[in-house]
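User: I'm new to this structure and would like to learn how to read it. Could we go through it feature by feature?
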2 protein chains.
Amino acid sequence: MDEEKEVSAQSEEEKQELLEERMESELNEALNHKDEAAVRRLVEDSHPIDLAIAMEEASDSNIVYLTSLLDDAQNAEIIEQADEDLQVRIMKLFDLNKILRIFQHMSKDDIVDILGDMPANRRKELVKLMKTSDQTVIRDLLGYGESTAGGIMTTEYISMRSTLTVSQALEKVKEIAPKTEEINILYITNDRKQLVGTVSLRELLVAKNYDTLNDIMEDNVISVEPEADQEDVARLVSKYDLHAIPVVNKRKGIIGIITVDDIIDVIEEENTEDMLKLGGVSKEEDVDSTVFESVRMRLPWLLVNLITAFLASATVSLFEDTISQVVALAAAMPIVAGMGGNAGTQTLAVVVRGIALGDIRLHGNEKRIFKGIAVGFINGLVNGIIAGFVISQMSGNTALGLIILVAMTCNLMIAAFVGFLVPVVLKAFNFDPAIASSIFITTATDVCGFFIFLGLSKMFLPYLLQ
Amino acid sequence: MDEEKEVSAQSEEEKQELLEERMESELNEALNHKDEAAVRRLVEDSHPIDLAIAMEEASDSNIVYLTSLLDDAQNAEIIEQADEDLQVRIMKLFDLNKILRIFQHMSKDDIVDILGDMPANRRKELVKLMKTSDQTVIRDLLGYGESTAGGIMTTEYISMRSTLTVSQALEKVKEIAPKTEEINILYITNDRKQLVGTVSLRELLVAKNYDTLNDIMEDNVISVEPEADQEDVARLVSKYDLHAIPVVNKRKGIIGIITVDDIIDVIEEENTEDMLKLGGVSKEEDVDSTVFESVRMRLPWLLVNLITAFLASATVSLFEDTISQVVALAAAMPIVAGMGGNAGTQTLAVVVRGIALGDIRLHGNEKRIFKGIAVGFINGLVNGIIAGFVISQMSGNTALGLIILVAMTCNLMIAAFVGFLVPVVLKAFNFDPAIASSIFITTATDVCGFFIFLGLSKMFLPYLLQ
């Protein structure tokens, strides 16, 4: 079994933990004492993300004090790095004019993210106060779904006409570079403004000055449309090892790019979602959700589970007369059902992950299902023999042991089948494959486990009573 | 509840699926007919990763034919992109000299990955045949753990002395660029060869020619030591939005870098591991594991679960006399236990994910545990009232309903506590927090659920018999 010991006594993780704790206490200390010099020193010496993390625990009044010491550009930098909760808190503390000033130092996609979390009327007021040209871009970006390519793209990229020479392009890059963040890839357009290729800064540097961009560009560009799901975009970036992926409209015009650091966030977000949904929790929950939020997000699934639990219970009721004659059945039945649930969850974990990674498609899974059932058969047999032996020794009843053996083998085969089928069918109907799969599967294994075990017991009751 | 419908009729995912299927059938067609022209056309038009994926389904003889048509550089490119299983297959088909020739076109870290999957004696023979200088680098790299910073770093990066001027540096970059992959960041060293800063290609382009690298470099470099766990490295890259992170030895000398595309692989790998372990499956399993592999990887956990299932069964046995008097208890008890298991899994999913993302530390969790128990109390009460009402109506026994209510509320509070405690304690003892947590937690909720429910039933037996 793979228990994983971590290597060094003071790992990178512990170092980061210490760093964050120290930062937080120093900042709070400085803010509580209104020690302007100390605050400024901390801001000077820290990465904005570390400041943002330390600020999460600060009081509102301390945040007001801290942000009042900073200029708009510094505030913009910290707010960009802050998590959603902190962004919302900070924005509530600022008036519209201050927000507008800070927005001037932010990229459009960050502005849109922040606007998206604001109350609708405040958002509208803010957009109305912007320059007309900005309004158009912002409204366009706000129009895309939050988890689509359009929703996560940035509009800051360099595009150039393919007819430019290398030296002309290099001149332009030097001109634009100070104003934009991502310049490692130039997006090359033709005379109809369609994206036709890319040139990396490296290729530009080593190319001959009189070559045109057309000569040196890579013309096999992988791009996405703005409606593409962010999960699919992440899969493309990961598959082709891209540093950025362009977003193009129906006419092949480039309208934005998505950089790899945003893709990492998407991957983390989607993985969190999968894991939480698999456990029957809504994707918005985290360890710092309030009691009310947690209840709101978990209760619905527990209620679904309650209904399915009644199914399992009803199955048992069918056999109450049998149980009343051999009460040892009551003690043995959770073994069969529980093992089925666990085996089903094993298959489920492999399948949900396989779907997320794009390894499982909707068709041609017959061989995999058959293989899974074979695995269930072997695992059921091994566990069934052990469980049957122990139970028959303890109860002095060989028939009970044999029934356990058969019931467990059947239930683990069913678990393998259901564990594969449920997520794939959910996916086929365009639902999230992780969603509540574990509830459906444990219900199926409970119901089948109880039914097979108690049904066999009823059939062979005379042998059990001997 | 969040069912997530996917947007467009033909999503990016479906497009990719079609593309991969078409590619696979075209390649197989061409290979089966030994149609050299068609094969060459496919290789010409495709991204190496797409070729590698299509090759996964080809027969060994077809792979021999395909690779014989390609030159060493083309073979290197495809092998670099292939997944581990395919790499192992291809390498078995080649003799040592061919492998050595192909290695000449690969970066050292890819070579080391491939060597790591080879039988030890073949690996030794290969290394012995390399140039002495290469041997040293390869042996060093082979010495690092597979999932450490040293194990995933590449030795191809550009480092320059801080005393160079911008124009000297630019000249050097132009010289080196054609030979190396990653040149967007230059690593700057002092006269003792210590890493003291970084300069991005963008900064280099816009700086004044007579500035030195020392003048323009960013001197707050985030780096890791080669022993650092890859998961911690990924967290740093993600936190600070880095495109590459340098690896330095104890003397602060740079020995390699890790680029963001490798970090994405690490994140996917670690997430797969977490999800599989949470489900009680070993990390190496995927949907295409053989029956034998799957059994080997799942059976140990099922056996652990079998032992814990006996614990639950033993708890029920304690109350066989009570059950024999009120056989309806047998039907009701799976509801209490099952709901506890589900509630525990909900907490578990949130906590394991929180630990993976670095949101949960080992200390100061009292408030979170208390909050979790409050959530368990409310969820238990709501579900308990419903279950109690239904059961008392169906059985005509109010006492049974009240017992269910109390047992479910207690069990869901216990589930919240155990669901938090188990992963955090595992983590504190440096075990993987995901490992088999679900088995421990469902055992705890089964045992506690049965004990509380049947114990209360025994205590209040006279009321149940009325």
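Analyst: Happy to. Keep in mind that this is a predicted model. Let's begin with a sheet in chain A: it is open, has three strands in the order 1-2-3, and its pairing is mixed.

User: Which strands stand at the edges of that sheet?

Analyst: Those are strand 1 (158-161) and strand 3 (195-200) of chain A. Each has a single partner strand, so one side of each is left without a neighbour in the sheet. On average, neighbouring strands here are turned by 35° against each other, ignoring direction.

User: In what sense do the strands pair, parallel or antiparallel?

Analyst: The general idea is that strands of a sheet pair through backbone hydrogen bonds, in either a parallel or an antiparallel way. Here you get both cases: strands 1 and 2 of chain A run parallel, with four bridges, while strand 2 (residues 185-189) and strand 3 of chain A are antiparallel, with five bridges. Try finding A:Ile188 in strand 2 of chain A: A:Met160 stands opposite it. A:Ile188 also stands opposite A:Gly197, which is in strand 3 of chain A.

User: Where do the side chains along strand 1 of chain A point?

Analyst: In a regular strand, side chains alternate between the two faces of the sheet. Strand 1 of chain A does just that: A:Ile158 and A:Met160 point to one face and are buried, whereas A:Ser159 and A:Arg161 point to the other face and are not buried.

User: Let's zoom out. What domains is chain A divided into?

Analyst: Domain 1 covers 14-143, domain 2 covers 158-259 and domain 3 covers 291-465. The centres of domain 2 and domain 3 of chain A, taken over C-alpha atoms, are separated by 52 Å.

User: And how can chain A be laid on chain B?

Analyst: A turn of 180° with a shift of 0.0 Å along the axis does it, giving an RMSD of 0.0 Å. The two copies are thus related as by a two-fold rotation axis. What's more, 100% of the interface residues of chain A are interface residues in chain B too, so the copies meet through the same surface.

User: What does A:Gln346 touch?

Analyst: A:Gln346 sits in helix 19 (residues 328-356) of chain A. Leaving out residues up to four places away in sequence, A:Gln346 touches B:Gly279, B:Gly280, B:Val281, B:Arg298, B:Trp301 and B:Leu302. A polar atom of the A:Gln346 side chain lies 3.3 Å from the backbone oxygen of B:Arg298.

User: Is A:Gln346 buried or exposed?

Analyst: A:Gln346 has 0% relative accessibility, so it counts as buried.

Note on methods. Residues numbered from 1 in each chain as written. Chains lettered and ligands numbered in written order. Predicted model: local features only at pLDDT ≥ 70, side-chain atom pairs only at ≥ 80, totals over all residues. Heavy atoms only, no water. Least-squares fit on C-alpha atoms with pLDDT ≥ 70 in both. Contact = heavy atoms within 4.5 Å. Helix = DSSP H or I, 4+ residues; strand = E, 2+ residues; numbered from the N terminus. Buried < 20%, exposed > 50% of the residue type's maximum accessible area, 1.4 Å probe, protein only. Polar contact = N/O pair within 3.5 Å; in protein donor to acceptor, adjacent residues only side chain to side chain. Pairing = 2+ DSSP bridges. Axes fitted to C-alpha atoms, helices over the stretch in contact; angles between N-to-C directions. Domains from an automatic or database assignment.
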